[in-house]
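This report describes helix packing, salt bridges and selected buried positions in one protein model. Please keep the structure open while reading.

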Amino acid sequence: MVLVNLLVLISGPIAAGKSTLAREVARQLRELGRTVALVELDTVAEMALPTLPDWDWAHSIHAGLVGAWSATPIEVVLDEGTETPAEVAQVLRAVPEGAPVLKVVLVADVERSWERAQGDPTRGLSKDRDFLTEMYERFAAGLPELERDLLLDVEATSLEERVVAVVTEAVRRLAVP
């Protein structure tokens, strides 16, 4: 029985592990019998690559897709891909008014993220140290404005610990009438 439709918003800098966390949270929630829609920004963008003219388009379509899933009986809509307060606000404008939101923010060390990106054959620009550094500086500048219910340090916690924190809080919120 669906008690509430919950949006789990996972934000963080590029190459911090948002996709890995989101996929594992989705898997575990499904194992618990929950219905889950996972909306990943990169997957939305891939629909138009290599001809995507502007990432703003991908962000707009991504937000609309999150909003569309949030208006269905799916119990949990997992959103992965936002980095800035403006991107978060765009997603939140697309969801039904009053929808419960669990805001998860990941923080990570740029050097460790760059090292991880080097071993990932799916990575493009995030393998460029200068680009990644610039993106982390941009993320750090907006971090004080990012509202969050959970702040998870990728370097100080294991993936399992991060997943447990998010799944536990999501299940708790789903049980609230």
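The text below takes helix pairs, then salt bridges, then two single residues.

The model is predicted, so local features need pLDDT of at least 70 and side-chain atom pairs count only at pLDDT 80 or more, while totals for chains, interfaces and linings use all residues. Residues are numbered from 1 along each chain as its sequence is written, and side-chain values use heavy atoms, with hydrogens and water left out.

## Helix pairs

Two packed helices are described by the angle between their axes and the distance between the axes. Axes are lines fitted to C-alpha atoms, for helices over the stretch in contact, and angles run from 0 to 180 degrees between N-to-C directions. Helices (H or I, at least four residues) and strands (E, at least two) are DSSP runs, numbered from the N terminus.

| Helix pair | Axis distance | Crossing angle |
|---|---|---|
| Helix 1 and helix 7 | within 9 Å | roughly 50 degrees |
| Helix 3 and helix 4 | 7 Å | about 40 degrees |
| Helix 5 and helix 6 | within 10 Å | roughly 135 degrees |

Angles under 35 degrees count as roughly parallel, over 145 as roughly antiparallel, 65 to 115 as roughly perpendicular and the rest as oblique. Helix 1 is thus oblique to helix 7. Helix 3 and helix 4 are oblique to each other, and helix 5 and helix 6 are oblique as well.

Helix 1 passes helix 7 in a right-handed crossing (the near helix is turned clockwise from the far one by less than a right angle; anticlockwise would be left-handed). On the helix 1 side, T20, L21, E24, V25, Q28 and L29 take part; they meet L159, R162, V163, V166, V167, A170 and V171 of helix 7 (contact means heavy atoms within 4.5 Å). This contact has 9 nonpolar, 2 polar and 2 charged residues. In these classes, Ala, Val, Leu, Ile, Met, Phe, Trp, Tyr, Cys and Pro count as nonpolar, Asp, Glu, Lys and Arg as charged, and the others, Gly among them, as polar.

Helix 3 and helix 4 also cross in a right-handed sense. From helix 3, the residues H59, S60, H62, A63, G64, V66 and G67 meet E87, Q90, V91 and A94 of helix 4. By class, that contact consists of 4 nonpolar, 6 polar and 1 charged residues.

The crossing of helix 5 (residues 110–118) with helix 6 (residues 129–142) is right-handed. Helix 5 contributes V110, E111, S113 and W114 to the contact, and helix 6 contributes R129, L132, T133 and Y136. These residues divide into 4 nonpolar, 2 polar and 2 charged.

## Salt bridges

How many salt bridges does a search of the whole structure find? There are 13, a salt bridge being a side-chain nitrogen of Lys or Arg within 4 Å of a carboxyl oxygen of Asp or Glu.

R27 and E24 form one salt bridge, at 2.4 Å from N to O. These two residues are 3 apart in helix 1 (residues 18–31), so about one helical turn separates them. R27 is partly exposed, with a relative accessible area of 36% (buried means under 20%, exposed over 50%, partly exposed in between; 1.4 Å probe, protein chains only).

A salt bridge also joins E75 and R34, whose closest N and O atoms are 2.8 Å apart. This pair links distant parts of the chain, with E75 in the loop between helix 3 (55–70) and strand 3 and R34 in the loop between helix 1 and strand 2 (36–40), 41 residues apart. E75 is buried at 6% relative accessible area.

For E83 and R138, the closest N and O atoms of the salt bridge are 3.4 Å apart. E83 lies in the loop between strand 3 and helix 4 and R138 in helix 6, so the pair ties together parts that are 55 residues apart in sequence. E83 is buried at 12% relative accessibility, whereas R138 is partly exposed at 39%. Elsewhere, D149, E169, R172 and R173 are joined into one network by salt bridges that share partners.

## Two buried residues

T84 sits in the loop between strand 3 (76–82) and helix 4 (85–94). T84 is buried, with a relative accessible area of 14%. Not counting residues up to four places away in sequence, T84 touches R138 and L146.

V167 belongs to helix 7 (residues 159–175) and is buried at 7% relative accessibility. Leaving out residues up to four places away in sequence, V167 touches V25, Q28, L29 and L32. The C-alpha atoms of V167 and Q28 are separated by 7.5 Å, although these residues are 139 residues apart along the chain.
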